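Let's take a walk through one part of this fold together. Have the coordinates open in your viewer, and follow along as the elements come up.

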Amino acid sequence: MAAGKAKYSYLDYAATAPLCEEAASAMAPYLVAGPENTQASANANSLHTPGRSAFAALEKARRDISHAIGARKPDELIFTSGATEADNLALFGLAQGAVEQRVKNGNAPCEPRIITTEIEHDAVLNPAKRLAREGFDVVFLRPTRQGFITKEALESALTPDTVLVSIQTANAEIGSIQAIRELAALAHDAGALFHTDATQALGKIPFDVVDLGVDAASFSSHKVYGPKGIGALYVKARTPISAQMLGGGQESNRRSGTQNVPGAVGFAAAVCAACASLDEEDFRLSILRDHLYARACEIKGVSATTEIGREGESFMPGIVHLLVDGFESETLILRLDAQGFAVSGGSACASHSLEPSHVLLSMGVSRNAALGALRISFGRYTTKEELDAFVEALDACIHSA
């Protein structure tokens, strides 16, 4: 950080959000060491009193999160180690479960098809690629230049042998929000299951699994101000799913392994807190987003990757994505870091890659332009003053070179 800099501004919320006070407070009783805290840290599958206490806390967390996403039954929520595991369970579990159900019903697909998009997170893309190697016919839909999957694109790819469609709710890099309700309806009309990676959406924009009509949805705690190491997969009742983690049969035989009770409690507290202020924060962050785009694009050589405000196209309130001409994002990230600002070039999972973002290339952004990408993402603790200071630092980083 530059000498004399009093505050470091964290502007990488899409990678991980700071732990909120509500989650920290809810988890505190579970983080006390020693045998006297057995009741708070017991195995939720044990029959003794401490175990039953842990089980009660786990199930309350399940009810709270289920209520927040509009699920009809708490047991439709499966706790996982995070969104990566939830996405893997969705892709492998739903694909295999759907095929098994069709075989059982005497409607075995000749070549079961899976449809996803070119702009998904790697936690969806890589399982889809493995399924392709295992004999599934996998189709990757290309987005528009603005980062959207059209209904026409999906409709043209659907066949009677399609067993699963997986399309993210909101993109982690550019923030485009897909028309999930309409896309899910198209999938169902073709007899396919529909999964959405809702990691970036939970607690930030309205999200209701019943209203959207999805069969499965993935979530991550640390994207919504909760602890790392826990996430969840919503699976609608009676949806066929094949377990991928085998063992003691926890989570109703759908995901074995001793549950992370402190994590679940913190996750639930974070979700409830975020949803309680969702409308207010959505409005506030949208204003900050538009303000940052306007200020940043006044800098010579800086342009917005997408056109926010186009009719019928929606973007996340807390994500700004810029292209900086003549610079590589790694250079800018390090220079801004030295000035006291944490930003990224895209998904944190690919931050050590020297290759341009697969999301941007799929949208039609040139390789050279994509190499100069910057993502600024913000949330509950971000102020307008921080964003104004960031613009000044970005200008200095570019034009002092």
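What follows goes from a sheet to a helix that packs on it, and then on to a second helix.

Please keep in mind that this is a predicted model. Start with the sheet, which is open and built from three strands in the order S10-S12-S14, with antiparallel pairing. As general background, strands of a sheet pair through backbone hydrogen bonds, either parallel or antiparallel. At the edges you will find strand S10 (302–304) and strand S14 (373–377), each of which pairs on one side only. From one strand to the next, the twist averages 30°.

Now zoom in on strand S12, residues 319–324, which pairs with S14 over five bridges in the antiparallel sense. To find your place there, look for Leu323, whose bridge partner in S14 is Ala373. Packed on the sheet is helix H12 (residues 329–338), which touches S12 and S14. The direction of H12 makes about 40° with that of S14.

H12 also leads us to helix H15, residues 384–399. Two packed helices are described by the angle between their axes and the distance between the axes. Here the axes of H12 and H15 come within 10 Å and cross at roughly 125°. The two helices, H12 and H15, are therefore oblique to each other, and H12 passes H15 in a right-handed crossing.

Which residues meet where H12 contacts H15? From H12 come Leu332, Arg335 and Leu336, and they meet Phe390, Ala393, Leu394, Cys397 and Ile398 in H15. Sorted by character, the residues of this contact are seven nonpolar, one charged and no polar.

Technical notes. Residues numbered from 1 in each chain as written. Predicted model: local features only at pLDDT ≥ 70, side-chain atom pairs only at ≥ 80, totals over all residues. Heavy atoms only, no water. Pairing = 2+ DSSP bridges. Helix = DSSP H or I, 4+ residues; strand = E, 2+ residues; numbered from the N terminus. Axes fitted to C-alpha atoms, helices over the stretch in contact; angles between N-to-C directions. Contact = heavy atoms within 4.5 Å. Parallel < 35°, antiparallel > 145°, perpendicular 65-115°, else oblique. Left-handed = near helix turned anticlockwise from the far one by under 90°. Nonpolar A, V, L, I, M, F, W, Y, C, P; charged D, E, K, R; others polar.
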